[in-house]
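Visitor: Please show me one part of this protein up close, and then lead me outwards from there. I am new to this, so plain words would help!

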Amino acid sequence: MARTTPMRRQYLQLKSQHPEAILFFRLGDFYETFDQDAKVVARVCDITLTSRPISKGQRVPMAGVPYHAADSYIAKLIAAGHKVAIAEQLGPETDHLRRTGMAGRAQRAVDGAQVAMGKGNLVPRQVIRVVTPGTVVEPTLLEEKRNNYLAALVSDGDRAGLAYIDITIGEFATTQFDDDNFWLDVKQELARLRPRECLVPEGMEAPIEEGAFITEYESWRFEEGNARRSLLEHFEVGTLAGFGCEGKPLAVRAAGAIIQYLTQTQPAALDHLRNLSTYSVGDFMVLDTVTRRNLELSQTIRTGREKGSLLWVMDDTVTAMGGRLLRRWISQPLLDLRRLRRRQEAVSSFVEGTPTRLEVRELLKGLGDLERLTGRVVQSIARPRELVGIGRTLNAIPELRGMLADISVQEGPIADLISRLDPCAEIAELLAQAIADDPPATLASGGVIRPGFSDELDEVLAAAREAKQWVAQLEHQERERTGIQSLKVGYNKVFGYYLEVSKANLDRVPEEYVRKQTLVSAERYFIPELKEKESLILNAEERQLEIESRIFHQVCAQVAA
């Protein structure tokens with residue numbers, strides 16, 4: 001390592017922390033991979049394999065993907081059974097640039113300067129998350145109407161514990177199997193959940209169906225003391241009695257292992273976990289794998305696809321949230337007669353109230369996936385348009401409550417539903433005041449924060465507008481003042497704003513013009529006032545992005561709370 005470049009040493013240090021994952025190393029506008037990782041990425045993602053010098057006469061394989069298109073490449077790698085560690089730059093001097101999508105320019109400049117000077121103090125980088133099949137949060141990598149479960153399984157003698165979580169919506173549950181046929185119960189429950197990834201202690205075999213990824217996790221992570229401590233610290237409680245798992249050590253061990261795994265891979269997701277439910281498989285109709293397959297509940301026997309299954313026939317839901325709920329209901333039939341009757345009462349209310357049912361369905365069509373949108377806000381990865389989706393959904397709740405009141409009876413299931421529908425008026429008002437109606441996809445473009453919300457931002461934008469108006473009028477003013485009718489005011493990224501005068505009119509150039517660039521047929525100049533306005537405009541653009549980024553993250557924090 002001593003003979004390699006500072007950047008190479010930094011990469012190797014991060015890679016050593018996550019040897020099991022493909023390391024996406026942020027370098028400018030790309031995520032670069034090296035060595036064996038690069039060969040895997042080139043093969044799986046069908047991209048060109050190149051190389052990079054790391055010392056005199058030595059090169060290593062390299063393959064890179066654009067940071068703005070990384071999701072599609074990560075999806076391919078996850079589908080192929082790989083984990084992906086994301087290494088981003090850190091530091092207050094470039095943090096707002098990273099958040100607003102301007103990290104590429106800042107990173108190249110700083111890293112390039114440091115390397116040129118032979119220094120080792122590069123922009124600090126850190127692995128901010130590790131993407132695994134069970135911890136995916138990107139919308140493009142998820143099925144809208146299917147939960148993405150991460151499970152954990154542990155056994156001890158004639159008992160077993162199983163926990164599962166969907167970090168996109170914060171659903172977290174655990175159970176324990178104690179009867180003589182506990183392995184059969186485990187298989188049936190795993191067949192119901194169909195987790196994308198399952199954690200097991202090292203060396204343990206799990207009865208997982210095809211399509212799930214087995215992740216062997218250090219056995220000590222499943223020890224009861226470690227697991228219990230992880231749960232108590234996360235929920236900030238002194239006992240697990242309130243979660244119903246006190247006295248169920250195997251359930252505690254499985255749930256605690258999940259908390260520890262998320263701490264390592266997706267620490268931001270932990271903020272979304274506010275509760276742990278302990279359940280018993282005896283509360284539901286237990287269906288073994290053969291029965292589920294023969295009944296074709298969610299996929300057909302012949303094709304193995306959803307089309308043609310019971311779920312496909314019944315699923316006329318118009319929201320992703322409803323689709324996921326219906327899937328859970330079908331895969332986990334109730335045995336509680338009281339709950340069955342109340343569910344049937346709710347169905348009857350909509351069947352009998354056809355006009356209301358049609359109105360409700362029409363309203364629901366325009367709503368966002370509030371479960372997953374909330375999860376993205378809590379994990380600090382929400383984008384501007386996702387906040388708009390939350391606001392639009394919250395604003396529809398009062399109207400929805402009014403519609404439901406038309407078919408509600410006192411103390412009925414619909415009345416209970418109405419009482420639990422919280423429009424979160426303060427948050428809805430905040431979003432309406434702070435976020436533009438049609439913001440850009442990312443913070444990098446500006447225009448995310450609504451005018452009038454921030455005096456500081458409004459002042460910066462007003463100063464920039466005045467400067468741009470002055471520049472726009474300068475060409476006409478200088479033509480009249482100098483008599484050079486072909487004079488032009490222009491701009492490019494290298495030289496900034498300039499006054500261009502053709503060679504034929506050089507004798508009429510005023511003394512205060514300062515030469516900036518010589519062309520074949522013209523000369524380019526600047527004047528102090530133009531330089532001043534240029535600085536104001538360019539600084540205003542960067543200041544706008546900085547202020548908008550700060551406000552946006554403050555709004556996200558309020559929404560998350």
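**Two strands side by side**

Guide: Let's begin with V200, which stands opposite E216 in strand 11. What you see is a predicted model, where local features need pLDDT of at least 70 and side-chain atom pairs pLDDT 80 or more, while totals for chains, interfaces and linings use all residues. Residues are numbered from 1 along each chain as its sequence is written, and side-chain values use heavy atoms, without hydrogens or water.

Now widen the view a little. Strand 10, residues 197-201, pairs with strand 11 in the parallel sense, over 5 bridges. (Pairing takes at least two DSSP bridges; strands are DSSP runs of E with at least two residues, helices runs of H or I with at least four, numbered from the N terminus.) These strands belong to an open sheet of 6 strands with mixed pairing, in the order 11-10-7-8-9-12. Its edges are strand 11 (213-217) and strand 12 (277-278); each has a single partner strand, so one side of each is left without a neighbour in the sheet. Helix 6, residues 182-193, packs on this sheet and touches strand 7 (150-156), strand 8 (159-166) and strand 9 (171-177). (Contact means heavy atoms within 4.5 Å.) The direction of helix 6 makes about 10° with that of strand 8; axes are lines fitted to C-alpha atoms, for helices over the stretch in contact, and angles between N-to-C directions run from 0 to 180 degrees.

As you look, keep one rule in mind: side chains in a regular strand alternate between the two faces of the sheet.

Next, visit another open sheet of 6 strands, also with mixed pairing, whose order is 3-4-2-1-5-6. Strand 3 (50-55) and strand 6 (125-131) form its edges, and because each has a single partner strand, one side of each is left without a neighbour in the sheet. On average, neighbouring strands here are turned by 35° against each other, direction ignored. At one edge, strand 5 (residues 84-89) pairs with strand 6 in the antiparallel sense over 6 bridges, and there V84 stands opposite V131. Helix 1, residues 6-17, lies across strands 1 (22-27), 2 (30-34), 3, 4 (58-66), 5 and 6, at about 145° to strand 1.

Finally, try a hairpin: 3 residues link strand 15 to strand 16. Strand 15 (514-518) and strand 16 (522-526) run antiparallel, joined by 4 bridges, and V514 has F526 as its bridge partner. A short step along the chain, P528 lies in helix 19, residues 528-560.
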